[in-house]
Amino acid sequence: GSATNALVIGAETFSRILDWEDRTTCVLFGDGAGAFVMSAEKDTEKGVLNTFLRSDGRHRELLYVDGGPSKTQTVGHVRMIGKQVFRHAVRDISGAMETCAKNAGVEIDDIDWFVPHQANQRILDGVAKKLEINAEQVISTVALHANTSAASVPLAMHAAIKDERIKRGQLVMLEAFGGGFTWGAALLRY
C-alpha cells in the first residue's frame with residue numbers, strides 16, 4: 001500500500017562480462033532491457049496473486065561471475081557448469097511454479113500462459129515436460145535474443161501481449177532462475 005505505481009525494470013549487458021573464448025557461455029547470453037508498470041487497483045482480482053522466491057548459495061560455483069569491483073577490482077566473466085545448472089533449474093523452477101500456484105489456490109492446469117526466464121530452450125522444454133504443460137502455452141523468445149537474464153521475462157511478456165496471445169483477465173505464471181542460485185515464480189492475473 002505504500003505506492004500506487006511501480007516501474008519494475010530488468011536490464012542486462014552480458015556482452016561486458018562474457019569470456020568470448022568460452023563457447024559454453026558466450027553463445028547463450030545477450031544484452032537486453034524490459035520493464036513492467038505495476039499499478040495498484042482497488043476491488044479487483046487482477047494483479048499479482050502469489051509469489052515464491054528462493055536462493056541457495058551452496059550451488060554458487062555452478063553459475064556466477066568470477067570478478068567484481070569489491071572482490072577483484074575487475075568486471076569478471078560469467079562462469080557456468082551447464083549440465084548441473086540444467087538439472088537444478090528444471091527441478092527448482094518447476095517446484096517454485098507448483099508451490100506458487102498451490103499457495104494461490106490455483107491448479108497448474110488452470111493457468112493460461114507460462115512466461116519463463118529465457119535461459120535456454122532445453123530448460124523451457126524440461127520444465128514444461130515435468131509439469132505436463134502444453135508447449136504452446138509456454139512463451140519462448142530465447143531464439144530471438146538469447147538469454148538476457150533479468151530482461152528475459154519482460155521481453156517475453158511484451159512479445160506475447162503484442163502478438164495478442166496473452167489477453168486481459170488471463171492467468172499468467174512468470175518464473176526465473178539466476179546466478180549464485182536464486183529462483184522464483186509469480187502468478188498474476190493480467
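Q: Where is Val48 found, and is Val48 buried or exposed?
A: Elements are read from DSSP runs numbered from the N terminus, a helix being H or I over at least four residues and a strand being E over at least two; on that reading Val48 is found in strand β3 (residues 47-55). Burial is read from the relative accessible area, where buried means under 20%, exposed over 50% and partly exposed in between, with a 1.4 Å probe and protein chains only; Val48 has a value of 43% and is therefore partly exposed. This is a predicted model, in which local features need pLDDT of at least 70 and side-chain atom pairs count only at pLDDT 80 or more, while totals for chains, interfaces and linings use all residues. Residues are numbered from 1 along each chain as its sequence is written, and side-chain values use heavy atoms, with hydrogens and water left out.

Q: How many salt bridges does the count come to, and which residue does Arg79 pair with?
A: Side chains of opposite charge can pair when their charged atoms come close. The rule asks for a side-chain nitrogen of Lys or Arg within 4 Å of a carboxyl oxygen of Asp or Glu, and the count comes to 8 salt bridges. In one of them, Arg79 pairs with Asp19, their closest N and O atoms being 3.0 Å apart. This pair links distant parts of the chain, since Arg79 lies in strand β5 (residues 78-80) and Asp19 in the loop between β1 and β2, 60 residues apart. Arg79 is partly exposed at 22% relative accessibility, whereas Asp19 is buried at 18%.

Q: Which residues are linked with Arg79 in a network of salt bridges?
A: The network of salt bridges links Arg79 with Asp19, Asp22 and Asp66.

Q: How many aromatic pairs does a search of the whole structure find, and what is the arrangement of Phe14 and Phe29?
A: Rings of Phe, Tyr and Trp (its six-membered ring) pair if their centres lie within 6.5 Å, and planes under 30 degrees apart count as stacked, over 60 as edge-to-face and the rest as tilted. The search finds 3 aromatic pairs. The ring centres of Phe14 and Phe29 are 4.5 Å apart and their planes stand at 25 degrees, so this pair is stacked; both Phe14 and Phe29 are buried.

Q: What is the arrangement of Phe177 and Phe181?
A: The rings of Phe177 and Phe181 have centres 4.9 Å apart and planes at 70 degrees, so the pair is edge-to-face. Phe177 and Phe181 are both buried, and together with Trp183 they form one aromatic cluster.
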